[in-house]
Amino acid sequence: MDNFQIETAQNVNIVQNVAGLGDRILAYLIDFLILAAYVFAVVVIFMAIDLPSDSEFLIYITISLPVVTYHLLWETFWDGRSPGKRAMNLKVVKLDGSKPSFSNYLLRWLLRVIDLTSTGGSLALVSILFNGKGQRVGDIAAGTTVISENAVVGLAQTVLVDIPEGYVPMYPQVTVFTDHEMQTIKNLFQSARYGGNHHVILKLSNRVSKVMEITVEETPIKFLDKVIKDYNYYTQNM
């Protein structure tokens, strides 16, 4: 499963777990089967009812309208989910992680004709594979994507970092911190570094060095990076 990082207006990093292509295909098939079952049931009912000969329009609307608006209505009123997406634990969100507006849902729904219907899904497949953010053309236009809500815990979401072989630590004072405190330091540092918020990095560096009761002679970025690695070195070798 791929993921990508976005930054909110509050300079907070969010890791979006992009829905896997296989999960999206399965969700699509589940929705397709639901629609096929609906069409079959409606046809059987109408065949069993003695309708006037001029009722073709009524039959057409009854069958086609729910089929055509299926995804738009479900995603709009069920928080970005269709039954298929819900079964696969997927959800439509905006790129910043917020809930899409109706206009976002409407735009991605309108472009289903290009993405899926007219191209047999090939355009959507190529777009999702090469976009990097799990977006088909409709998502790109609407500023949305489909994410997986399955919990995924990676190295970036823990206090752990990779320590190169032969690593030499510099600050044994890092052991004054707890795992929770070091995780907070790591999260703040990575968020500020990703967003280029150097004043936050400087304040964090000053605070950490004060707690460790040391004088820092290197840049705040190098210092905090070293502190996180040193903490991992000492706690993994104690």
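Here is a chat about a predicted model, with the questions from a biologist and the answers from a modeller.

Biologist: Before we start, what should I know about the model, and how many helices and strands does the chain have?

Modeller: The model is predicted: local features need pLDDT of at least 70, side-chain atom pairs count only at pLDDT 80 or more, and totals for chains, interfaces and linings use all residues. Residues are numbered from 1 along each chain as its sequence is written, and side-chain values use heavy atoms, with hydrogens and water left out. Helices (H or I, at least four residues) and strands (E, at least two) are DSSP runs, numbered from the N terminus. The count is 10 helices and four strands.

Biologist: Is Leu33 buried or exposed?

Modeller: Leu33 sits in helix 1, residues 21-48. Buried means under 20% relative accessible area, exposed over 50% and partly exposed in between, with a 1.4 Å probe and protein chains only. Leu33 has 57% relative accessibility, so it counts as exposed.

Biologist: And Asp139, buried or exposed?

Modeller: Asp139 belongs to helix 7. Contact means heavy atoms within 4.5 Å, and beyond its neighbours within four places in sequence, Asp139 has contacts that include Arg24, Arg108 and Thr144. Its relative accessible area is 0%, so Asp139 is buried.

Biologist: Why do the buried residues of helix 4 line one face of the helix?

Modeller: Helix 4 covers residues 102-110, and its buried residues are Asn104, Tyr105, Arg108 and Trp109. The arc is taken from the directions from the helix axis to the C-beta atoms. Down the axis of helix 4, the buried residues line one face because they fall within an arc of 130 degrees.

Biologist: Which helix gives the largest share of the largest nonpolar core?

Modeller: A nonpolar core is a set of buried Ala, Val, Leu, Ile, Met, Phe, Trp, Tyr and Cys residues joined through side-chain atoms within 4.5 Å. The largest one has 17 residues, and Val208, Met212, Phe223 and Val227 touch the most other members. Helix 8 (179-195), helix 9 (198-212) and helix 10 (220-236) each supply at least two residues of this core. The largest share, five residues, is from helix 10.

Biologist: Which residues does Met212 touch, not counting those up to four places away in sequence?

Modeller: Met212 is one of the four residues that touch the most other members of the largest core. Its partners are Tyr171, Gln173, Val174, Val176, Phe177, Phe223 and Val227.
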